[in-house]
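Colleague: Could you take me slowly through one part of this model, the loop that joins its opening helices, and place it within the whole chain for a first-year student?

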Amino acid sequence: AATRWAADRARANAGPTLIEHFTYRVEGHSTSDDPTAYRSAEESSLWPLGDPIARLKQHCITLGIWDEDRHAAMDKELAEMVRDA
């Protein structure tokens, strides 16, 4: 909705629009990173809308463009790719 609004503004020559996105990295920077060194255990639960990846997954399932079986298969495939690399 925000991008549509910004595009409409641009088409109407109403000036530039800044869309600010907030994200939250739930996991550490890498597998050797220990996030407990720089954040509390309850910090992620305080993030306003929860884990954005889990929210996107659920949103896609609700839209009918994704499902749990495909997600599990993708997780397995990616884990194998990372292991092989």
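Modeller: Of the 85 residues in the protein, buried ones make up 6%, and this should be read with the caution that the model is a predicted one. The accessible surface comes to about 7400 Å², with 58% of that area belonging to carbon and sulfur atoms. The protein has 4 helices and 0 strands, and read along the sequence it follows the pattern α-α-α-α. Its radius of gyration is 18 Å, well over the 12 Å that the globule rule gives for 85 residues, so the protein is more spread out than a compact globule. Along the principal axes, the C-alpha trace spans about 50 × 35 × 25 Å. If we take the contacts between residues at least 6 apart in sequence, 12% of them join residues at least 24 apart.

With that background, we can turn to the loop you asked about, which runs between helix H1 (2-11) and helix H2 (43-46) and holds arginine 39. Arginine 39 counts as buried, because its relative accessibility is 13% and the cut-off for buried is under 20%. Once its neighbours within four places in sequence are left aside, arginine 39 is in contact with Tyr24, Arg25, Val26 and Glu27. Asparagine 13 lies in the loop between H1 and H2 as well, but with a relative accessibility of 71% it counts as exposed. The backbone at asparagine 13 also deserves a careful look, since this residue has a positive phi of about 55° although it is not a glycine. As background for that remark, most residues other than glycine have a negative phi.

On one side of the loop is helix H1, which contains alanine 7. Alanine 7 is partly exposed, with a relative accessible area of 24%. From its C-alpha to that of glutamate 42 the distance in space is 38 Å, while the two residues are 35 apart in sequence. A second pair of positions lets us relate valine 26, one of the residues in contact with arginine 39, to a later part of the chain: valine 26 and alanine 72 are 46 residues apart in sequence and 19 Å apart in space, C-alpha to C-alpha.

Alanine 72 belongs to helix H4 (residues 68-84), where it counts as partly exposed at 47% relative accessibility. Histidine 71 is also placed in helix H4, yet at 16% relative accessibility it counts as buried. Leaving aside neighbours within four places in sequence, histidine 71 is in contact with Lys57 and Trp66.

Helix H3 (residues 52-63) offers a simple check on geometry, because at 1.5 Å a residue its 12 residues should span 16 Å, and its end C-alpha atoms are indeed 16 Å apart, which agrees. Just after H3 comes glycine 64, which takes a positive phi of about 85°.

Finally, on charge, the protein has 10 positive and 15 negative side chains, and the centres of the two sets lie 8 Å apart. To return to your loop, the contrast to keep in mind is that arginine 39 is buried, whereas asparagine 13 is exposed.

Technical notes
Residues numbered from 1 in each chain as written. Predicted model: local features only at pLDDT ≥ 70, side-chain atom pairs only at ≥ 80, totals over all residues. Heavy atoms only, no water. Helix = DSSP H or I, 4+ residues; strand = E, 2+ residues; numbered from the N terminus. Rg over C-alpha atoms; globule rule 2.2 N^0.38 Å. Buried < 20%, exposed > 50% of the residue type's maximum accessible area, 1.4 Å probe, protein only. Contact = heavy atoms within 4.5 Å. Areas by Shrake-Rupley, 256 points an atom, 1.4 Å probe, with all protein chains shown as cover. Lys, Arg positive; Asp, Glu negative; His and termini not counted. Charge placed at Lys NZ, Arg CZ, Asp CG, Glu CD. Expected span 1.5 Å × (residues − 1).
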